[in-house]
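Trainee: I should like to go through the ligand sites and pockets of this model and to test each term against its definition. May we begin with the structure itself?

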Amino acid sequence: MILKKTSLSNPIDEKIAWARHYYKEFGDNLLKEKRLVDLLAHLKTAVVASRKEMAMTGIVEVCRRCEQEEGGSCCGAGLENRYDGWLLLINLLLGVKLPKTKQQTGSCFLLGKNGCLLMARHVICINYLCKKITDLIDPRIIMELREKESEEVNTLFILHENIKPVLRKWTST
Ligand code: SF4
Ligand code: SF4
């Protein structure tokens, strides 16, 4: 079986279909690869740590008010196009259920009723803080959050680069 190409410029539904296909075919075996299992576990821990830090800074509450009471949100339509098939596959390996249809008109395809549906997010989604936040939160607190987020971003990058050769090897015959 030759690995089908997945390009960043493909529509999100095609990239999700690509990720679902390879998860179905190889998910169980990918989850037996020790290096990948360790990286997935490390990523989960890093995501939990940075989200906890984000809640402690008060950013989560500011964003909740912004989204639910002030009609704002930074998860706009088109941001899903930043995601490639590999990052979506990593989310499936983390147990995330990817959506079949867009849940909110005018918003990112990957936004659910209670926020982002993903566990492994693009660096743009991890790092983005609007002016409302940067004006409100002490820069030293934001620096501490950035440290936690860098662990998440670095682990995700390594995982991304480690999963590709494994799947390419299994699909090269
Ligand atoms: S980052 Fe800014 S725009 Fe986005 S939800 Fe939070 S407060 Fe609103
Ligand atoms: S955080 Fe999630 S919902 Fe928001 S733009 Fe990023 S992928 Fe989309």
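Mentor: A residue is near a molecule if one of its heavy atoms lies within 4 Å of it. The model is a predicted one, and ligand 2 in it is surrounded by Cys75, Leu79, Tyr83, Cys108, Leu110, Leu111, Cys116 and Cys125.

Trainee: What makes the shell around ligand 2 nonpolar, polar or charged by class?

Mentor: Leu, Tyr and Cys count as nonpolar. The shell contains Cys, Leu and Tyr residues, and therefore its class count is 8 nonpolar, no polar and no charged residues.

Trainee: Which residues surround ligand 1, and how do they divide by class?

Mentor: The shell around ligand 1 consists of Cys63, Cys66, Glu67, Cys74, Cys130, Lys132 and Ile133. Because Glu and Lys count as charged, whereas Cys and Ile count as nonpolar, the division is 5 nonpolar, no polar and 2 charged. H3 and H6 each supply at least two residues of this shell, and the largest share, 3 residues, comes from H3.

Trainee: Why is ligand 1 said to sit in the largest pocket?

Mentor: A molecule sits in a pocket if more than half of its atoms lie within 2 Å of the grid points. Ligand 1 sits in the largest pocket, so it meets that criterion. The space taken by ligand 2 is also the largest pocket.

Trainee: What is the volume of the largest pocket, and which residues lie nearest its centre?

Mentor: Its volume is about 1000 Å³. The lining comprises 35 residues, and Cys63, Glu67, Cys75, Cys116 and Arg121 are those nearest the centre. Two or more lining residues come from each of helix H2 (34–57), helix H3 (59–68), strand E1 (111–112), strand E2 (115–116), helix H5 (123–127) and helix H6 (131–136). H3 gives the largest share, 8 residues. By class, the lining has 22 nonpolar, 7 polar and 6 charged residues.

Trainee: How much space lies in the second largest pocket, and what lines it?

Mentor: The second largest pocket holds about 200 Å³. Its lining is formed by Arg82, Asp84, Leu87, Arg121, His122, Val123, Ile126, Val153, Leu156, Phe157 and His160. H5 and helix H7 (139–170) are the elements that give two or more residues to this lining, and H7 gives the most, with 4.

Trainee: Why does this lining have 2 polar and 3 charged residues?

Mentor: Arg and Asp count as charged, while residues outside the nonpolar and charged lists count as polar. Arg82, Asp84 and Arg121 are therefore the charged members, and His122 and His160 the polar ones. The other 6 are nonpolar.

Conventions
Residues numbered from 1 in each chain as written. Chains lettered and ligands numbered in written order. Predicted model: local features only at pLDDT ≥ 70, side-chain atom pairs only at ≥ 80, totals over all residues. Heavy atoms only, no water. 1 Å grid on protein atoms, 1.4 Å probe; cavity = no way out; pocket = protein on both sides within 12 Å on 5 of 7 lines; lining within 4 Å. Points joined across faces, edges and corners; volume = space filled by probe spheres on them.
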